[in-house]
Amino acid sequence: MTPAPLPLAVSLGDPAGIGPEIIAAAWSNRRAESLAPFFVTGGAGVLGAAAHSRGLSVPVERISKPEYAAQVFDRALPVLGLEDAPFRAGQPDEGGARLALHSLEQATGLALRGEAGAVVTAPIAKGELARVGFDHPGQTEYLAAACGLDQRDAVMMLAGPSLRAVPLTVHCAMSEVPDRLSEDLICHRARIVHAALKRDFGIENPRLAVCGLNPHAGEDGRFGDEEQRIIAPAIARLRAEGLEVTGPHPGDALFTPRARKSYDAALAMYHDQALIPLKALDFDEGVNVTLGLPIVRTSPDHGTAFDIAGKGLADPGAMIAALRMAGDMARRRTAHG
């Protein structure tokens with residue numbers, strides 16, 4: 001008999017951002033959206049105040065162990081731990097950053113110890129966290145380090161109803177991208193994406209499409225030779241391994257409705273090449289999922305939005321999508337051992 005999936009651990013994000021209110025809004029929609037049971041690591045007071053700020057009646061109940069989340073979930077939003085901070089919507093401060101970091105660390109630790117089925121991370125403010133000792137470019141890199149992996153082994157994928165896109169280089173200046181690209185990097189990350197699409201998304205024969213770096217995919221070397229020197233050889237190597245991979249495709253043609261029907265994930269060469277089409281197509285349902293980890297991690301694909309926090313304007317759709325995706329991925333991993 002397949003064991004029941006474990007509850008999902010949700011990190012609070014920055015208390016001054018929209019994370020707490022969209023978590024509360026997601027819980028309010030738990031039945032309509034058929035969400036798996038989840039709990040939040042810390043911030044009971046913040047969550048209650050954030051829910052109130054948008055007119056939601058969300059009872060918050062502290063739990064002492066993750067296993068109690070399923071028992072509480074139908075009647076209240078479960079919160080593990082006593083850690084808290086004042087709720088000051090749109091006004092980030094050091095106390096809030098410390099709570100956000102503690103929540104992220106606790107949620108990750110629980111998943112690594114097998115006490116939570118997945119980690120769903122609410123948005124953080126990297127600048128605020130840096131002031132309290134967070135020395136990673138983002139949560140993806142933090143998760144890789146926490147799992148004992150090299151950063152190249154943790155692959156960011158942005159997923160929505162219309163598109164899955166993977167930036168092969170992420171948090172770096174555009175001027176650094178050509179030097180960071182290599183045949184080995186493309187092959188390594190493509191293999192991780194291929195394996196994750198099979199294991200976590202249930203796609204038996206994943207199809208990958210690879211972007212070029214330059215306009216018109218280099219136009220036979222006229223606009224740059226990275227396609228000829230790096231990208232095309234990587235694609236040839238992956239095909240020789242039996243993966244279904246096409247490209248290099250011009251980045252301006254790969255995201256049309258017709259083109260999107262031909263692949264299951266697009267591999268982009270840099271951050272904006274992947275995120276611009278995803279956000280244009282699926283902003284309110286976009287999910288940031290980290291592939292290659294021993295644990296499941298998802299996050300809404302947007303930031304803290306301090307400017308609208310506490311005003312009842314934040315759309316919880318991406319948080320709901322992140323929770324749903326985490327639950328689906330956790331169930332698949334549980335079913336397959």
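Buried here means under 20% relative accessible area, exposed means over 50%, and partly exposed is whatever falls in between. Keep those cut-offs handy, since they come up again and again below. One caveat up front: this is a predicted model.

**Aromatic pairs**

Let's start with the rings. A pair of aromatic rings is described by the distance of the centres and the angle of the planes. The count here comes to two aromatic pairs. In one of them, the ring centres of Phe38 and Phe73 are 5.0 Å apart with the planes at 65°, so this pair goes down as edge-to-face. Phe38 belongs to strand β2 (residues 38-41), while Phe73 sits in the loop between α3 (69-72) and β4, so the contact ties together parts that are 35 residues apart in sequence. Both Phe38 and Phe73 are buried. Phe134 and Tyr142 make up a tilted pair, with 5.9 Å from centre to centre and 40° between the planes. Tyr142 has a relative accessible area of 11%, and because buried means under 20%, Tyr142 is buried. Phe134 also counts as buried, at 6% relative accessibility.

One more ring deserves a look: that of Trp27, where the charged end of Arg30 sits over the ring, 3.7 Å from its centre.

**Salt bridges**

Now for the charges. The structure holds 18 salt bridges. Here are three of them, with the gap between the closest N and O atoms:

| Acidic residue | Basic residue | N to O distance |
|---|---|---|
| Asp84 | Arg62 | 3.7 Å |
| Glu128 | Arg131 | 3.0 Å |
| Glu241 | Arg191 | 2.7 Å |

Take Arg62 and Asp84, which form a salt bridge at 3.7 Å. This pair links distant parts of the chain, with Arg62 in strand β3 (residues 60-63) and Asp84 in the loop between β4 (77-80) and α4 (94-112), 22 residues apart. Arg62 has 45% relative accessibility and counts as partly exposed. Asp84 is partly exposed too, with a relative accessible area of 32%.

Is each partner in the bridge of Glu128 and Arg131 buried or exposed? Glu128 has a relative accessible area of 19%, so Glu128 falls under the 20% cut-off and is buried. Arg131, on the other hand, is exposed at 61%.

Then there's the bridge in which the side chains of Glu241 and Arg191 meet, 2.7 Å from N to O. Here, too, the pair links distant parts of the chain: Glu241 lies in the loop between α9 (226-240) and β9 (244-249), Arg191 lies in helix α8 (residues 183-199), and 50 residues separate them. Glu241 is partly exposed, with a relative accessible area of 40%. Arg191 is partly exposed as well, at 31%. Salt bridges that share partners also join Glu183, Asp184 and Arg237 into one network.

**The cavity**

Finally, the empty space. How many cavities of 30 Å³ or more does a search of the whole structure find? The search turns up one. About 40 Å³ of space lies in the largest cavity. Its lining is made up of Asp14, Pro15, Ala16, Pro86, Arg88, Gln91, Pro92, Asp93 and Gly96. Sorted by character, the lining residues divide into four nonpolar, two polar and three charged.

Terms used
Residues are numbered from 1 along each chain as its sequence is written. This is a predicted model: local features need pLDDT of at least 70, side-chain atom pairs count only at pLDDT 80 or more; totals for chains, interfaces and linings use all residues. Side-chain values use heavy atoms; hydrogens and water are left out. On a 1 Å grid over the protein atoms alone, a cavity is a set of points where a 1.4 Å probe fits but cannot get out, and a pocket is an open set with protein on both sides within 12 Å along at least five of seven lines; lining residues have an atom within 4 Å of a point. Grid points are joined across faces, edges and corners, and a volume is the space filled by probe spheres set on the points. Ala, Val, Leu, Ile, Met, Phe, Trp, Tyr, Cys and Pro count as nonpolar, Asp, Glu, Lys and Arg as charged, and the others, Gly among them, as polar. A salt bridge is a side-chain nitrogen of Lys or Arg within 4 Å of a carboxyl oxygen of Asp or Glu. Helices (H or I, at least four residues) and strands (E, at least two) are DSSP runs, numbered from the N terminus. Buried means under 20% relative accessible area, exposed over 50%, partly exposed in between (1.4 Å probe, protein chains only). Rings of Phe, Tyr and Trp (its six-membered ring) pair if their centres lie within 6.5 Å; planes under 30 degrees apart count as stacked, over 60 as edge-to-face and the rest as tilted. A charge sits over a ring if NZ of Lys or CZ of Arg is within 6 Å of the ring centre and within 35 degrees of the ring normal.
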